[in-house]
Amino acid sequence: MSEDVSFAGEPVLRPLPESEAELAFEGALRPRSLGEFVGQSKVRGQLQLLLRAAAIQNRTPDHILLAGPPGLGKTTLAMIVAHESDRPLRMSSGPAIQHAGDLAALLSSLTPGEVLFIDEIHRMARSAEEMLYLAMEDFRIDIMVGKGAGATSIPLDLAPFTLVGATTRSGLLPNPLRDRFGFTAHLEFYDESELEQVLHRASLLLGLDIDGRALAEIAGRCRGTPRIANRLLRRVRDYSLVHDRVSGLDAVHAALELYDVDALGLDRLDRAVMEIILNRFDGGPVGLSTLAVSVGEEAETIESVVEPFLVRIGLLIRTPRGRVATKRAWEHFGIARAGAETLFDSELG
Ligand SMILES: Nc1ncnc2c1ncn2[C@@H]1O[C@H](COP(=O)(O)OP(=O)(O)OP(=O)(O)O)[C@@H](O)[C@H]1O
């Protein structure tokens with residue numbers, strides 16, 4: 001059985017109750033304090049300072065913007081901000097706030113000191129965004145009553161609150177909104193040693209007895225993303241449950257092969273994209289829309305989910321003429337080009 005482990009004085013982690021361990025959705029594995037939160041040490045230090053200063057002055061912490069790709073811990077940190085400042089948390093999302101009235105109802109119902117988390121804040125309606133400017137700065141909103149010439153605005157004071165916004169597309173936020181956050185944290189992808197810590201912690205909570213080599217193998221294939229790490233760990237757990245004779249590393253290799261995750265962490269869609277570029281477009285360049293149609297996916301999915309990873313691990317480059325496969329891509333997919341240098345070389349001169 002896995003040993004107890006504490007994170008720098010944090011509560012000792014013990015396996016979840018059997019029922020919860022079996023249903024261990026993300027929530028059950030989610031860190032509940034900054035001490036349990038693995039990696040992102042700079043962000044953790046900045047948040048800890050901001051929260052402690054607010055506590056000393058007995059005021060609500062400044063508004064916080066959490067930016068970064070999916071699965072890196074933005075929601076987790078929002079929950080930790082509420083937990084560490086011992087304040088209630090209210091959760092919403094940009095898509096759920098499609099009118100200023102939606103936001104007015106939300107803001108006016110907040111209790112003093114409440115933490116309001118708005119996920120995907122870049123997808124909030126513009127009219128609501130403009131209402132947020134005054135709310136963030138003066139804890140006040142102006143409610144428009146009536147229409148046309150007879151319309152009047154009624155000021156409504158709000159309870160002081162802390163807004164935590166999360167976004168995967170910070171470039172889409174208008175400057176007036178971005179400027180009103182007292183602190184913006186940029187979450188980076190995790191390195192393999194941090195992901196091994198995430199996995200070790202999750203294995204303790206899941207009551208999994210899995211060796212370090214197996215955790216290292218998973219860490220190398222989860223695209224620098226804790227959400228993916230935990231998901232792959234659960235698949236390995238399932239595989240070991242069904243094939244109870246299989247050891248840690250064998251279970252990892254067998255499970256990840258079954259779920260189509262290769263040695264670099266590429267999944268089915270990643271490989272489909274790369275194989276189209278390599279085989280159908282001879283390494284590229286190929287435009288985003290052509291690529292999306294060829295693999296039958298939305299261009300947005302290709303651009304915001306698939307490509308950042310392929311670029312980050314050096315299989316793809318984005319050029320003005322389109323996407324181009326790198327030499328490493330040809331090697332990884334074991335496709336020899338007949339003699340000629342890859343376009344990648346000529347692209348870079
Ligand atoms: N630093 C971390 N340490 C340990 N586990 C983590 C960490 N960050 C994230 N996780 C795990 O990954 C899961 C996903 O994290 P989270 O939901 O916070 O990501 P997110 O950035 O909000 O994603 P999205 O942008 O898709 O909403 C969490 O449930 C948690 O179990």
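How far is an oxygen atom of the ligand from a polar backbone atom of Gly-73? Select both in this predicted model. The separation is 3.1 Å. While the ligand is selected, compute its area: taken alone it exposes 640 Å², and the protein buries 94% of that.

**Stop 1: the ligand**

Stay with the backbone and step back along the chain. A backbone N or O atom of Leu-72 sits 3.2 Å from a ligand oxygen. At Gly-71, a polar backbone atom is 2.9 Å from an oxygen atom of the ligand.

Now widen the selection to the full shell. It holds 20 residues. Val-38, Lys-74, Thr-75, Thr-76 and Arg-227 are the closest. Colour the shell by class: nine residues are nonpolar, six polar and five charged.

Next, show the helices. Three of them each give at least two residues to the shell: H2 (26-29), H4 (74-84) and H10 (226-242).

**Stop 2: the domains**

Colour the chain by domain. Domain 1 spans 31-186, domain 2 spans 192-259 and domain 3 spans 268-333. Go back to the ligand for a moment. Domain 1 and domain 2 each contribute at least three residues to its shell. Then place a centre on domain 2 and another on domain 3, using C-alpha atoms. The two centres are 28 Å apart.

**Stop 3: a strand pair**

Select strand S3, residues 115-119. Four of its five residues are buried, so the strand is mostly covered. Add strand S2, residues 89-93. S2 and S3 run parallel and pair over five bridges. For one facing pair, pick Met-91 and look across to Phe-117 in S3.

**Stop 4: two positive phi values**

Most residues other than glycine have a negative phi. Two residues on this tour do not follow that pattern. Move past S3 into the loop that leads to helix H6 (126-138), and stop at Glu-120. Its phi is positive, about 45 degrees, although Glu-120 is not a glycine. Is Glu-120 buried, exposed or partly exposed? Its relative accessibility is 29%, which lies between the 20% and 50% cut-offs, so Glu-120 counts as partly exposed.

Follow H6 to its far side. Phe-139 is in the loop between H6 and strand S4 (140-145). Phe-139 also has a positive phi, near 50 degrees, and is not a glycine. With a relative accessible area of 23%, Phe-139 is partly exposed.

**Stop 5: a long-range pair**

Find the loop between helix H3 (41-56) and strand S1 (64-67), and select Arg-59 there. Add Pro-160. Arg-59 and Pro-160 are 101 residues apart in sequence, yet their C-alpha atoms are 8.8 Å apart in space. Arg-59 is partly exposed, at 30% relative accessible area.

**Stop 6: a covered threonine**

Go to strand S6, residues 162-167, and choose Thr-167. Is Thr-167 buried or exposed? Its relative accessible area is 1%, under the 20% limit, so Thr-167 is buried. Show its side chain. A polar atom there lies 2.9 Å from the backbone nitrogen of Arg-169.

**Stop 7: a cis bond**

Most peptide bonds are trans. For an exception, select Gly-284 and Pro-285. The bond between them is cis, with omega near 5 degrees. Pro-285 belongs to the loop between helix H12 (268-280) and helix H13 (288-295).

Note on methods. Residues numbered from 1 in each chain as written. Predicted model: local features only at pLDDT ≥ 70, side-chain atom pairs only at ≥ 80, totals over all residues. Heavy atoms only, no water. Near = heavy atom within 4 Å. Polar contact = N/O pair within 3.5 Å; in protein donor to acceptor, adjacent residues only side chain to side chain. Areas by Shrake-Rupley, 256 points an atom, 1.4 Å probe, with all protein chains shown as cover. Nonpolar A, V, L, I, M, F, W, Y, C, P; charged D, E, K, R; others polar. Domains from an automatic or database assignment. Buried < 20%, exposed > 50% of the residue type's maximum accessible area, 1.4 Å probe, protein only. Pairing = 2+ DSSP bridges.
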